[in-house]
Amino acid sequence: EETVRGNFSVVNPNFMGTDRLIVAGVQSSETDRMANFGYKTTKTGFNLGSRFEYYEDFFISPNFSTYHETLKTSPTATDNLKKQKGTYFDMDFDYYLDYDKRNQKFQTSDGFRSTFNQSIPLVSDTNALLNSYEFNLWQEITEDGMIGKFSIFGRAINSITGDDVRISERLYMPGRKLRGFERGKVGPVDNSDYVGGNYVSAINIAATLPKIVPTVQNADFSIFLDAGNVWGVDYSSSVPESNIIRSAAGVGVDWHTIVGPLSFSLAKPISKASTDKTETFRFNLGTTF
């Protein structure tokens, strides 16, 4: 509801018979987050990337991207945030390492997946370096089909030249990693604007409940415990770091339909900061387990 994006891309899954995927694309997007996050951004650019299997089940995805960004800030934003208003040019090299040992990609019941992503600035006004890691483990717990999942996630962004990371690049907690809280509305708050952090971390534990409704064959029921944190404000020492662990527990349902998986969750926050915005019910088009 906050982003309008136009994208045109060409994908060749077997470039010149090498089994390497090649993708090239151009896109333009506008993201309006004035009401809650204090900024609005317009980005236009292109990317050129690839994906290939380097070893068995180990994939590498390098990508070059170039974007021009126009950033506007809210009239009520603080002076430190207003200083970031302007135009920016970024050329980045990204790579994605994916070691995938799942027994199946859909409704995984065994195995693990380890992914690492890094975005390196080649030409940039702020020189923000992004590092991200995620590990997911699936294990069958009981003979009747109860599956447990454990996940850890971490992400950090900092300028390699000591500049401030601009508001449009700062990190927010992914909604799937912290249910029970409104998306983006946890972490540091600058004059009522949720400005994200330089660091994000999360731990998720979940287990399916295969016999809770035995007659329903196309729905997966689960219980979960989510915990995470968003912290770090490099552009101002007057904004509280908000270094507090947030956590929530609840139940979820993934319902597999002809239009794709629909997911529902009911969550109860356990620990939170006074500025965090919580939510009890969430609906998504896509799985959460």
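How many bridges join strand β12 to strand β13? Work through this and the exercises below on a predicted model.

**Exercise 1. Follow the strands from β12 to β14.**

Solution.
Step 1. Find β12 at residues 219–231 and β13 at residues 246–257. Ten bridges join these two strands. They run antiparallel.
Step 2. Pick one facing pair. Phe 221 stands opposite Val 253 in β13.
Step 3. Move on to β14, residues 260–271. β13 and β14 also pair in the antiparallel sense, over eleven bridges.
Step 4. Look at Val 253 again. Val 253 stands opposite Phe 264 in β14.
Step 5. Check the turn. Two residues lie between β13 and β14, and the two strands form a hairpin.

**Exercise 2. Locate the largest nonpolar core and name the elements that build it.**

Solution.
Step 1. Recall a general trend. In soluble globular proteins, nonpolar side chains tend to be buried together.
Step 2. Count the members. The largest nonpolar core has 14 residues. Ile 157, Met 173, Val 186 and Val 200 touch the most other members.
Step 3. Assign the elements. β7 (128–140), β8 (147–159) and β11 (199–208) each give this core at least two residues.
Step 4. Zoom in on Val 186. Set aside its neighbours within four places in sequence. Val 186 is then in contact with Met 173, Leu 178, Phe 181, Tyr 194, Val 230, Arg 246 and Asp 276.
Step 5. Look for another core. A second, separate one has 13 residues, including Tyr 39, Leu 71, Val 195 and Val 233.

**Exercise 3. Find the nonpolar patch on the surface and classify Tyr 133.**

Solution.
Step 1. List the patch. Its residues are Tyr 133, Leu 137, Phe 150, Ile 152, Ile 203, Ile 205, Leu 225 and Ile 270. Together they have about 650 Å² of accessible area.
Step 2. Name the elements. β7, β8 and β11 give two or more residues to the patch.
Step 3. Place Tyr 133. This residue lies in strand β7.
Step 4. Classify Tyr 133. Buried means under 20% relative accessible area, and exposed means over 50%. Tyr 133 has 33%, so Tyr 133 is partly exposed.

**Exercise 4. Trace salt bridges that link distant parts of the chain.**

Solution.
Step 1. Start with the total. The structure holds 18 salt bridges.
Step 2. Take Glu 2 and Arg 33. Their side chains meet in a salt bridge at 2.8 Å, N to O. Glu 2 sits in the segment before β1 (3–12), and Arg 33 in strand β2. The two are 31 residues apart.
Step 3. Check burial. Glu 2 has a relative accessible area of 18%, so Glu 2 is buried. Arg 33 is at 17%, so Arg 33 counts as buried.
Step 4. Take Arg 166 and Asp 90. Their side chains meet in a salt bridge at 2.2 Å, N to O. Arg 166 is in the loop between β8 and β9, and Asp 90 is in strand β5, so the pair ties together parts 76 residues apart in sequence.
Step 5. Check burial again. Arg 166 is at 1%, so Arg 166 counts as buried. Asp 90 is at 6%, so Asp 90 is buried.
Step 6. Find another partner of Arg 166. Glu 169 forms a salt bridge with Arg 166, with the closest N and O atoms 3.7 Å apart. Glu 169 is at 22% relative accessibility, so Glu 169 counts as partly exposed.
Step 7. Finish with a network. Salt bridges link Arg 51, Asp 98, Asp 100, Arg 102 and Arg 113.

Key. Residues are numbered from 1 along each chain as its sequence is written. This is a predicted model: local features need pLDDT of at least 70, side-chain atom pairs count only at pLDDT 80 or more; totals for chains, interfaces and linings use all residues. Side-chain values use heavy atoms; hydrogens and water are left out. A nonpolar core is a set of buried Ala, Val, Leu, Ile, Met, Phe, Trp, Tyr and Cys residues joined through side-chain atoms within 4.5 Å. Buried means under 20% relative accessible area, exposed over 50%, partly exposed in between (1.4 Å probe, protein chains only). Helices (H or I, at least four residues) and strands (E, at least two) are DSSP runs, numbered from the N terminus. Contact means heavy atoms within 4.5 Å. Patches are made of residues with over 30% relative accessible area and no salt bridge: like charges are joined within 9 Å, nonpolar side chains (Val, Leu, Ile, Met, Phe, Trp, Tyr) within 5 Å. Accessible areas come from the Shrake-Rupley method with a 1.4 Å probe; for residues, only the protein chains shown count as cover. A salt bridge is a side-chain nitrogen of Lys or Arg within 4 Å of a carboxyl oxygen of Asp or Glu. Two strands pair if DSSP finds at least two bridges between them.
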